[in-house]
Amino acid sequence: QQNVVRRIWQGDHTVWNPDPTEIIDRLGWLTVTDTMREQILGLQNLAKEVKEAGFRHVVLLGMGGSSLGPEVLHRTFGSAPGYTELIVLDSTAPAWVQSVVDAIDPARTLFLVSSKSGSTIELNSFYAHFRDLLEAAVGYDQAGQHFVAITDPGTALEKLAASANFRRAFLNPPDIGGRYSALSYFGLVPAALIGVDLSKMLDRADQMRIRCGPDVPGQDNPGSWLGAVMAAGVRQGHDKLTLATSPSIASFGLWAEQLLAESTGKEGTGIVPITGEPLLSPEAYGHDRLFVYLRLEGDDNAAVDAALERIQSESHLVVRLDWQDRYDLGAEFFRWEFATAVAGSVLGIHPFDQPNVQSAKDQTDGVLDQYQSKGELPPSEIAGSLGGLLRQPMAGDYLAIM
């Protein structure tokens with residue numbers, strides 16, 4: 001009745017909020033595949049250049065939206081024969097960083113420095129660490145040729161790429177938020193380097209984009225239908241979206257989790273994504289669940305099929321989305337982006353802002369400042385035992401351990 005789909009395609013920010021701030025410049029994901037098609041040959045040439053230069057590994061340095069899409073692509077497709085192996089580094093845990101160092105030969109490794117803002121402190125730390133290793137391995141003059149930047153225009157990272165002699169710098173369309181960037185340079189550069197067929201994946205994404213178009217009725221529109229189901233579920237108390245998948249596409253949840261949680265979890269409401277959870281018997285679940293099953297044709301689906309049939313037989317809500325092959329990942333990226341935008345509209349949530357990101361950074365800075373000045377962390381504000389905490393929840397609550 002509110003003509004939401006057509007208004008989204010028209011770029012009407014009032015679908016979500018009367019204030020256009022952070023909306024009108026965040027809708028580039030709707031048409032980014034057009035831009036990326038023009039870059040396929042250049043990306044393929046980069047992959048060929050990297051192979052001919054003798055690189056064995058590509059290490060992606062990134063956090064959040066810059067790393068989760070590439071991680072899903074890597075786990076879904078692996079590396080094609082003759083292409084580099086991708087390692088995604090998105091943790092500052094020293095042991096994890098060291099495990100990457102131990103797995104590579106820096107002299108035969110290409111590093112993707114991937115950040116929309118170009119100023120993420122974790123990323124700067126990664127770069128400084130691996131730059132030192134490379135200068136020791138290949139010398140100062142050659143070290144820059146082992147780095148490729150992916151960032152927005154005008155960032156500090158773009159300037160660093162020029163001054164430090166990076167092999168390449170890819171400047172992403174600036175009107176795309178990090179968690180909506182899987183089909184932009186942030187996803188497609190690493191995809192090209194592991195031998196993913198970019199044309200085929202963008203074809204699937206475009207097929208879904210057409211099906212989600214402004215003139216497609218809601219019940220036939222895969223993106224708006226899923227978004228409406230998710231939002232209606234929240235309104236009826238089914239706010240825990242539990243993602244089940246065929247075994248070989250299980251990593252999709254890594255990306256979908258951030259998309260849903262960071263886009264809708266605000267203003268006291270939202271969709272709680274649950275991924276990677278073992279499927280249990282129906283009585284283990286409350287009625288706050290919505291199950292969404294991504295089913296890949298030809299995969300080992302018997303156990304998941306049986307579990308979800310039992311769950312659905314007990315009146316739990318189950319949605320099934322079928323994939324013909326792994327390249328439907330491109331379509332699914334677009335479907336869930338569109339669905340999340342629609343769900344935000346129905347729930348009255350601005351899906352593109354990040355109201356808690358800066359406050360979390362400020363609080364972290366405060367903790368680190370106290371540790372630096374006093375030699376100890378602030379006392380925890382969580383009182384009581386874990387047992388006491390677990391006795392407090394009511395039906396519909398959830399506990400997240402980070």
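Below is a short conversation about a predicted model, working from its overall shape to single residues.

Reader: Before we start, what pLDDT do local features need?

Author: Glad you asked! Residues are numbered from 1 along each chain as its sequence is written, and side-chain values use heavy atoms, with hydrogens and water left out. Because the model is predicted, side-chain atom pairs count only at pLDDT 80 or more, totals for chains, interfaces and linings use all residues, and local features need pLDDT of at least 70.

Reader: How many helices and strands does the protein have, and what radius of gyration?

Author: Helices (H or I, at least four residues) and strands (E, at least two) are DSSP runs, numbered from the N terminus. The secondary structure comes to 16 helices and 9 strands. The globule rule (2.2 Å times the number of residues to the power 0.38, with the radius of gyration taken over C-alpha atoms) gives 21 Å for 402 residues, and the protein is close to that, so it is as compact as a globular protein of that length, with a radius of gyration of 22 Å.

Reader: What share of the residues counts as buried?

Author: Buried means under 20% relative accessible area, exposed over 50%, and partly exposed in between (1.4 Å probe, protein chains only). The protein exposes about 19,000 Å² by the Shrake-Rupley method with a 1.4 Å probe, where for residues only the protein chains shown count as cover. Carbon and sulfur atoms supply 51% of that area. Of the 402 residues, the buried share is 48%.

Reader: Which helix gives the most to the largest nonpolar core?

Author: A nonpolar core is a set of buried Ala, Val, Leu, Ile, Met, Phe, Trp, Tyr and Cys residues joined through side-chain atoms within 4.5 Å. The largest one has 82 residues, and Trp29, Met230 and Trp336 have the most contacts inside it. With 11 residues, the top contributor is the helix at residues 328–347, H14.

Reader: And which residues does Trp29 touch, leaving aside its neighbours within four places in sequence?

Author: Contact here means heavy atoms within 4.5 Å. With those neighbours set aside, the partners of Trp29 are Asp175, Ile176, Tyr180, Phe334, Glu337, Phe338, Ala341 and Phe352.

Reader: Why does the salt bridge of Glu49 and Arg167 tie together parts that are apart in sequence, and how many residues apart are they?

Author: Side chains of opposite charge can pair when their charged atoms come close. A salt bridge is a side-chain nitrogen of Lys or Arg within 4 Å of a carboxyl oxygen of Asp or Glu, and the side chains of Glu49 and Arg167 meet in one at 2.6 Å, N to O. Glu49 lies in helix H3 (residues 40–52) and Arg167 in the loop between helix H8 (156–163) and strand E5 (168–171), so the separation in sequence is 118 residues.

Reader: Are Asp152 and Lys116 buried or exposed?

Author: Asp152 forms a salt bridge with Lys116, the closest N and O atoms being 2.5 Å apart. Asp152 sits in the loop between strand E4 (147–151) and H8, while Lys116 sits in the loop between strand E3 (109–114) and helix H6 (121–138), 36 residues apart. Both residues are buried.

Reader: Which helix holds Arg204, the salt-bridge partner of Asp328?

Author: The closest N and O atoms of Asp328 and Arg204 are 2.9 Å apart, and both residues are buried. The pair links distant parts of the chain, 124 residues apart: Asp328 is in helix H14, and Arg204 is in the helix at residues 198–211, H10.

Reader: What accessible area does the nonpolar patch with Leu389 have?

Author: Patches are made of residues with over 30% relative accessible area and no salt bridge, with like charges joined within 9 Å and nonpolar side chains (Val, Leu, Ile, Met, Phe, Trp, Tyr) within 5 Å. Leu389 is in helix H16 (residues 386–390) and is partly exposed at 36%. Together with Leu386, Leu390, Leu399 and Ile401, Leu389 forms a surface patch of about 510 Å².

Reader: Last one: what is the phi of Glu267?

Author: Glu267 is in the loop between H12 and strand E7 (272–275). With a relative accessible area of 61%, Glu267 counts as exposed. Although Glu267 is not a glycine, its phi is positive, at about 55°.
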